Amino acid sequence: MDRFTIFSLLLLLPLSFFSLSEGGTIGVNYGRIANDLPSASKVVNLLKSNGIDRIKVYDSDPAVLRALANSNIKVTIDLPNEQLRSAATRTSYASVWVLRNVVAYYPRTLIEGIAVGNEVFVDPQNTTTYLVPAMKNIHLALVKYGLDSKIKVSSPIALSALGNSYPSSSGSFRPELVDPVFKPMLEFLRKTGSALMVNAYPIFAYQGNSDVISLDYALFRENPGVVDAGNGFRYLNLFDAQIDAVFAAMSALKYDDIPIVVTETGWPSKGDPMEIGASVENAAAYNGNLVRRILTGGGTPLRPKAELTVFLFALFNENKKPGPTSERNYGLFYPTQKKVYDIPLTVEEVKSWKDVKGSSPAPEVVTPAVSPATGNGGGAGKVTVKETWCVANGEMSESKLQAALDYACGEGQADCHPIQPGSPCFDPNTLEAHASYAFNSFYQKNGRKFGSCDFEGAAFVVSKPPRYGKCDFPTGY
């Protein structure tokens, strides 16, 4: 996991120092992987009553877009990964998609952006080659309907797209993605006046490196900060460091004029025992301090004039999201529309909000080891946060697990020899067991970086050694 450090020096100044009218903007991701959420019309009322005037959704659901009509709430919609190939190879498909999902609602529904795909580089369906062509075809369709100056096209990237991210000044994109993807994508963004969309989660960097990253540093609280020897800046929060690593990566390719929109960031209010830092107090501190940081103005140390637009993840706790407990507890609200915790969402609320630090520290990482063969604790002693594994999500469909397994053993270059017939990990001969071994191999080979154990929800990280027959899952290569 990348070792980041940061905290905005501006955050330590008195609040009255800022001009509260010259900050960035805050939006919220409206995910709907749940069976207990309120209707779209009730959600619109909830957004308006809380001063939220910008959201991002993960599709283009007609009920949602209709409910947003005449609400003055701006929305970014999404073209899902599974539609990238069609949009990239058929201009007619892109044109019809824009007609049905944009033209049919705009301007009554204030669609301001289209996210083409989401974290495509970690998509097990291998849609990377279709990304930029799909973006171009969607843009051409907007041109056709005279909407290209009003609605911008981009694509959210995960921080795993960076080959180097620490220190921030040395940020760079993964070499294999530079020429085929990032150069043409950044050129497209420059020509169309669009921003690069970035998903940034400081909690994952903290959880992977809690021995060197302080919780205060991750939560925008007062701390000594870390000096980046490459640019001389002192970073006082992890968020700024992550964003500046992306700015540095773009600058290295001579695209230092492209802005960034943070399309996802957040902190879970609850997690499994091994998910350190996941608590209501920490979620309130991270999101509350982040909102204050953004709305009170000032960019990052590397881009001090940048006025960031940041989308919090997420509006609701979503009870059908797969994976560890944290995945279902990123919401600002319960499905009942009650707040999970109180944070400011507007400039006026920022003026009176205070981050109240509790007396009890976040739980530290120490989980008894479990023998892969017996399930009993034993000679392995304790498992630290560094000792983590990646396993398959048994709740996913067989087709998605198989596609992810094929990717891991193929292009992903995981070591899949042990799960071949006659090899030590062939038994149990189940898709979940084989996928778990392959996913873990990919995860370990990639240094347990954030994003390397996801496969679009087909996998998640655990802190106890997986148990599948007598198979031994390695923790490093």
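Start by selecting I55 and V75: in this predicted model, V75 in strand 3 is the bridge partner of I55. Now widen the selection to strand 2, residues 54-56, and strand 3, residues 74-79. The two run parallel and are joined by three bridges.

**Around strand 3**

Keep V75 on screen and look to its other partner. In strand 4, that is I111. Strand 4 covers residues 110-116, and its pairing with strand 3 is again parallel, this time over six bridges. Colour strand 3 by accessibility and you'll find it mostly covered, with five of its six residues buried.

Next, add helix 2, residues 62-67. Together with strand 2 and strand 3, helix 2 makes a right-handed β-α-β unit. Follow the chain out of helix 2 and pause in the loop that leads to strand 3, where you'll meet N70. Check its backbone: N70 has a positive phi of about 60 degrees, although this residue is not a glycine. Is N70 buried or exposed? It is exposed, because its relative accessible area is 60%, and the cut-off for that label is over 50%.

**Into strand 4 by way of a cis proline**

Go to Y106 and P107. The peptide bond between them is cis, with omega about 10 degrees. P107 sits in the loop between helix 4 (91-103) and strand 4.

**The whole sheet**

Time to zoom out. Select the nine strands of the open sheet and read across them in the order 5-4-3-2-1-13-12-9-6; the pairing is parallel. At the edges are strand 5 (152-154) and strand 6 (156-158), each of which pairs on one side only. Turn the view to look along the sheet: neighbouring strands are turned by 25 degrees against each other on average, with direction ignored.

**Strand 13 and its two neighbours**

Now pick strand 13, residues 309-312. Show side chains here. In a regular strand, side chains alternate between the two faces of the sheet. From strand 13, T309 and F311 point one way, while V310 and L312 point the other way. Which of these four are buried? All of them are.

On one flank, bring up strand 1, residues 25-29. Strand 1 runs parallel to strand 13, and four bridges join them. For a single pair to label, take G27, whose bridge partner in strand 13 is F311.

Then add strand 12, residues 260-265, which also pairs with strand 13 in the parallel sense, over three bridges. Two pairs are worth labelling: V262 stands opposite V310, and T265 stands opposite L312. To see how the chain gets from strand 12 to strand 13, trace helix 10, residues 280-295; this β-α-β crossover is right-handed.

**Past strand 13: a loop and a cavity**

Carry on along the chain into the loop between strand 13 and helix 11 (347-352), and stop at Q337. Like N70, Q337 is not a glycine, yet its phi is positive, here about 80 degrees. Q337 counts as partly exposed because its relative accessibility is 29%.

Now select L332, F333, K339, Y341, I343 and L345, and switch on a cavity display. These residues line the second largest cavity, which holds about 40 Å³ of space. What classes make up the lining? Five of the residues are nonpolar, one is charged and none is polar. In total, the model has three cavities of 30 Å³ or more.

**The second largest pocket**

From the cavity, move to F121, R174, E176, Y407 and F442. Of the 26 residues lining the second largest pocket, these lie nearest its centre. The pocket's volume is about 560 Å³. Colour the lining by class and you get eleven nonpolar, nine polar and six charged residues. Which helix gives the most to this lining? Highlight helix 6, residues 175-192, which contributes four residues.

**Last stop**

Finish at D427 and P428, another place to check the backbone. The peptide bond from D427 to P428 is cis, with omega near 0 degrees. You'll find P428 in the loop between helix 12 (398-409) and helix 13 (431-445).

How values were computed. Residues numbered from 1 in each chain as written. Predicted model: local features only at pLDDT ≥ 70, side-chain atom pairs only at ≥ 80, totals over all residues. Heavy atoms only, no water. Buried < 20%, exposed > 50% of the residue type's maximum accessible area, 1.4 Å probe, protein only. Pairing = 2+ DSSP bridges. Right-handed = clockwise from strand over helix to strand, strands pointing away. 1 Å grid on protein atoms, 1.4 Å probe; cavity = no way out; pocket = protein on both sides within 12 Å on 5 of 7 lines; lining within 4 Å. Points joined across faces, edges and corners; volume = space filled by probe spheres on them. Nonpolar A, V, L, I, M, F, W, Y, C, P; charged D, E, K, R; others polar. Axes fitted to C-alpha atoms, helices over the stretch in contact; angles between N-to-C directions.
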